[in-house]
Amino acid sequence: MDFNPSRTKEGRFRAPRLRVTIAAMHRPGIPALKIEARRLYLIMNAAAALCYTLVFTASNLFVITVAKLEPLQLVLVGTVLELSAFIFEIPTGVVADLFSRRLSVIIGFALVGVGFIVYGGWPYFATILLAQVLWGLGYTFTSGAAEAWISDEIGEERAAVTYLSAARLDQIASLVAIPLTVLLAARGGLSLPMLIGGGGFILLSVFLWAAMPEDGFTPTPAADRTTWQQMRQTLRQGLGMVRARPALLGILGIGLFYGLYSEAYDRLSTALLLDRFTFPTWLDLPLIGWFGAISAVGMLFSLVATALVERLGLTRPRQLALAMGSGTALLVAALAGFAVSRSLVFSIALVWTIGLLRRVNAPLYTAWVNHRLDSQVRATVISMSSQVDALGQIAGGPLLGLAAQALGLQAGLLGSALLLSPALLLFALQLRGEAR
């Protein structure tokens, strides 16, 4: 979620400079402040990461301790979110391909902000579900469009490296947000950072309206935007791209297994820690402080790991597959270990390991999907990958939630590791195909 500081010859970091031009205000569709695309992408992702972290650091404790949701309800909250993404991902991706990536991103962040305000403002199961719908709709407007926009603006090769730079900068922004979340929650309750995070997304959408360029994309002419036929045509082209690249089908299959496992871990891991362990009371550190500290240290580890991966310059499909496959094998082992661990220290270490592996894998997967895509269907195919992930979470989340409700949280989290493990076979097949 540059800043992306560059190095001088002496090895010191140098702050980036923003190249800003004042666009002609009377010309429709031209932003008032036009910032270089790569730098704006990094700023946009960092701001979004900060706002997301304000919400996420507090939200897991919020739904457990304030809204008092049970294990199945916790997972159903995530299922509604992913069902919304599943329903809206393809239409919003096609809109971005036909009309404007820029406008899609702006609308998306505004909707995410409204969703988070509803989330933190009303701690009831029904209103939390409504918030997931708004958040899911907004996210789908941004997910394919933002990556397709930057790839069109600066090219595929630079975009692949930029995804990793953005991931590293996202972690820095998240580190800033974590102590801020703890401070706000200690002063005003767990809902306060969630409300501020939602407001931040709305402000971000206003900033992007004023500053975001769109020079590398030519939208469909207005005369051709007449019916859903254009959207169906673009979708067919995206499916044709998948058929033309058999490897892409395997990549999307891997994304499905990532979806199958992730919902249970995301929703139940905090509940398992609270149920299984008593956190120390020394230093008068509140519970949100403990979870904030766990998140902050995990972010630091992830920041180092992402920077190391970025230096490797992984842009070729075989490199990406090998790196992700190795990380996924470690992730399966870490998930299983977390589910059965009876040591607080070891469990926290596994939380850090799982977070590190997931944050490193995310930009690698985006670059892998994005490889050799035609511009006109880029956002649609990237949106397909997000939809496949959502489908996996819709299928896996309730199943593991029922297991957790009936058999305990440990059973749900062991099932999470089990559902991810078939992805290792797909990685092996992908590597075998690339070797040929």
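Is Lys68 buried or exposed? I looked up its relative accessibility in this predicted model. The value is 59%, so I recorded Lys68 as exposed, since exposed begins over 50%.

**Entry 1: Lys68 and its surroundings**

I placed Lys68 in the loop between α1 and α2, the latter covering residues 71-98. I then checked the backbone of Lys68 and noted a positive phi of about 55°, although this residue is not a glycine.

**Entry 2: Ala48**

I turned next to Ala48, which lies in helix α1. Its relative accessible area is 3%, so I entered Ala48 as buried, the limit for that class being under 20%. I also looked up the C-alpha separation of Ala48 and Phe201, and found 6.8 Å for two residues that are 153 residues apart along the chain.

**Entry 3: The nonpolar cores**

How many residues does the largest nonpolar core have? I found 109 residues in this core. Tyr119, Phe201, Leu208, Phe338 and Trp368 have the most contacts inside it. Helix α1, residues 37-66, gives the most to this core, with 16 residues. I noted a second, separate core of five residues, including Leu175, Ile178, Ala296 and Leu303.

I then listed what Tyr119 touches, leaving out residues up to four places away in sequence. Among its partners are the aromatic residues Phe62 and Trp135. The list also includes Ser59, Val63, Ile128, Ala131, Gln132 and Met194, as well as Arg267. I kept Arg267 in mind for the next entry, where it appears in a salt bridge with Glu263.

**Entry 4: Salt bridges**

I searched the whole structure for salt bridges and obtained three.

I began with Glu36 and Arg39, whose side chains meet at 2.2 Å, N to O. Glu36 has 22% relative accessibility and is therefore partly exposed.

I went on to Glu263 and Arg267, where the N to O distance is 2.8 Å. Both residues belong to helix α8, residues 246-276, and they are four residues apart, about one turn of the helix. Are these two residues buried or exposed? Glu263 has 1% relative accessibility and so counts as buried. Arg267, at 15%, also counts as buried.

I finished with Arg358 and Asp266, whose side chains form a salt bridge of 2.7 Å, N to O. Arg358 is in helix α11, residues 344-370, whereas Asp266 is in helix α8, so this pair ties together parts that are 92 residues apart in sequence. I recorded Arg358 as partly exposed because its relative accessible area is 23%. Asp266 is likewise partly exposed, at 28% relative accessibility.

**Entry 5: Helices α5 and α6**

I reminded myself that two packed helices are described by the angle between their axes and by the distance between those axes. Where do these values stand for helix α5, residues 156-188, and helix α6, residues 191-211? The axes come within 7 Å and cross at roughly 125°. I therefore described α5 as oblique to α6, because this angle lies outside the perpendicular range of 65 to 115 degrees and is not over 145, where roughly antiparallel begins.

I then noted which residues make the contact: Thr181, Leu184, Ala185 and Gly188 on α5, and Ser191, Leu192, Pro193 and Ile196 on α6. Sorted by class, the contact of α5 with α6 has five nonpolar residues, three polar residues and no charged residues.

How values were computed
Residues numbered from 1 in each chain as written. Predicted model: local features only at pLDDT ≥ 70, side-chain atom pairs only at ≥ 80, totals over all residues. Heavy atoms only, no water. Core = buried A, V, L, I, M, F, W, Y, C linked by side-chain atoms within 4.5 Å. Buried < 20%, exposed > 50% of the residue type's maximum accessible area, 1.4 Å probe, protein only. Helix = DSSP H or I, 4+ residues; strand = E, 2+ residues; numbered from the N terminus. Contact = heavy atoms within 4.5 Å. Salt bridge = Lys/Arg side-chain N within 4 Å of Asp/Glu carboxyl O. Axes fitted to C-alpha atoms, helices over the stretch in contact; angles between N-to-C directions. Parallel < 35°, antiparallel > 145°, perpendicular 65-115°, else oblique. Nonpolar A, V, L, I, M, F, W, Y, C, P; charged D, E, K, R; others polar.
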